[in-house]
Amino acid sequence: MAQPTFNRVFNVLFLCTANSARSVMSEGLLNILGQGRFNAYSAGTHPSGKIHPYTIELLQSIGYETSHLHSKSWQEFEHSNAPHMDIIITVCDKAHGEACPAWPGHPISAHWGYEDPRGDTEEEKRASFSKIFAQIKRRIDLLVSLPSEKLQHLSLNDTVKEIGKTTI
């Protein structure tokens, strides 16, 4: 007997404090690598109001259109006309520890912590952003490689949390 295929698009929201680097990189990478199986979004608990230029540079290097990107609050996703989220992933420890709104539909939540990209010199900053980008890509690769049957609600919950524990 053939297994039924499980075809649907999952909406994923990546949360960080400033919504200027890690969450935006995650959004872009999943939208590119997810090949239509995922719609990724990003937001911040206290948005900075701008996307870091190295974030834009890295996303453009993979062909992601960045002109629409802006640093935004998670409150944009609380409205009734906002996309229904299936998965909420925090990508910084500050956002992970903050109180989140009660999301409609009780989406799966996980924490994929990454250090804050930084450095004293431009070379160190660029290297730090590249390192974090590679770490995010590794986890996104694991998520998008899951077969459709693994993306069922109960198994996805455990799987997404396990990906967040992956050492990079």
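# A first look at helices, rings and loops

The crossing of H2 and H4 is right-handed. That is a good place to begin a walk through this structure, which is a predicted model.

How do these two helices lie against each other? H2 and H4 pack with their axes 10 Å apart, at an angle of about 50°, and H2 and H4 are therefore oblique to each other. From H2, the residues that take part are Tyr54, Thr55, Glu57, Leu58 and Leu59; they meet Glu122, Lys125, Arg126, Phe129, Ser130 and Phe133 of H4.

H2 also packs with H1. The axes of H1 and H2 come within 10 Å of each other and cross at roughly 10°. That makes H1 roughly parallel to H2, because an angle under 35 degrees counts that way. Here Val24, Met25, Gly28 and Leu29 of H1 meet Thr55, Leu58 and Leu59 of H2. Thr55, Leu58 and Leu59 are also among the H2 residues that meet H4.

The two helix pairs can be set out side by side:

| Helix pair | Angle between axes | Distance between axes |
|---|---|---|
| H2 and H4 | about 50° | 10 Å |
| H1 and H2 | roughly 10° | within 10 Å |

Now for the aromatic rings. A pair of aromatic rings is described by how far apart the centres are and by the angle of the planes. In this model the count comes to 4 aromatic pairs. One of them is formed by Phe14 and Trp112, a tilted pair with 6.3 Å from centre to centre and 55° between the planes. This pair links distant parts of the chain: Phe14 belongs to strand S1 (residues 10–16), while Trp112 lies in the loop between strand S4 (108–111) and helix H4 (122–144), 98 residues apart. Are these two residues buried or exposed? Phe14 and Trp112 are both buried.

Another pair brings us back to the helices. Tyr54 and Phe129 form an edge-to-face pair, with 5.5 Å between the centres and 80° between the planes. Tyr54 sits in helix H2 (residues 53–61) and Phe129 in helix H4, so the pair links distant parts of the chain, 75 residues apart. Tyr54 is buried, and Phe129 is buried as well. Both names also appear among the residues where H2 meets H4.

A ring can have a charge for company too. The charged end of Arg8 sits over the ring of Phe10, at 4.4 Å from its centre.

Helix H4 has a further residue to visit, Ile136. With a relative accessible area of 0%, Ile136 is buried. What does Ile136 touch, leaving aside residues up to four places away in sequence? Its contacts are Arg22, Met25, Ser26, Leu29 and Tyr114. Ile136 and Arg22 are 114 residues apart in sequence, and their C-alpha atoms are 8.0 Å apart in space.

Finally, two loop residues have a backbone feature in common. Asn19 has a positive phi of about 50° although it is not a glycine. Asn19 is placed in the loop between S1 and helix H1 (22–33). Gln35, also a residue other than glycine, has a positive phi near 45°. The loop between H1 and strand S2 (38–44) is where Gln35 is found. Which of the two words, buried or exposed, fits Asn19? Asn19 counts as buried, because its relative accessibility is 0%. Gln35, by contrast, counts as exposed, because its relative accessibility is 69%.

Technical notes
Residues are numbered from 1 along each chain as its sequence is written. This is a predicted model: local features need pLDDT of at least 70, side-chain atom pairs count only at pLDDT 80 or more; totals for chains, interfaces and linings use all residues. Side-chain values use heavy atoms; hydrogens and water are left out. Rings of Phe, Tyr and Trp (its six-membered ring) pair if their centres lie within 6.5 Å; planes under 30 degrees apart count as stacked, over 60 as edge-to-face and the rest as tilted. Helices (H or I, at least four residues) and strands (E, at least two) are DSSP runs, numbered from the N terminus. Buried means under 20% relative accessible area, exposed over 50%, partly exposed in between (1.4 Å probe, protein chains only). A charge sits over a ring if NZ of Lys or CZ of Arg is within 6 Å of the ring centre and within 35 degrees of the ring normal. Axes are lines fitted to C-alpha atoms, for helices over the stretch in contact, and angles run from 0 to 180 degrees between N-to-C directions. Angles under 35 degrees count as roughly parallel, over 145 as roughly antiparallel, 65 to 115 as roughly perpendicular and the rest as oblique. A crossing is left-handed if the near helix is turned anticlockwise from the far one by less than a right angle, and right-handed if clockwise. Contact means heavy atoms within 4.5 Å.
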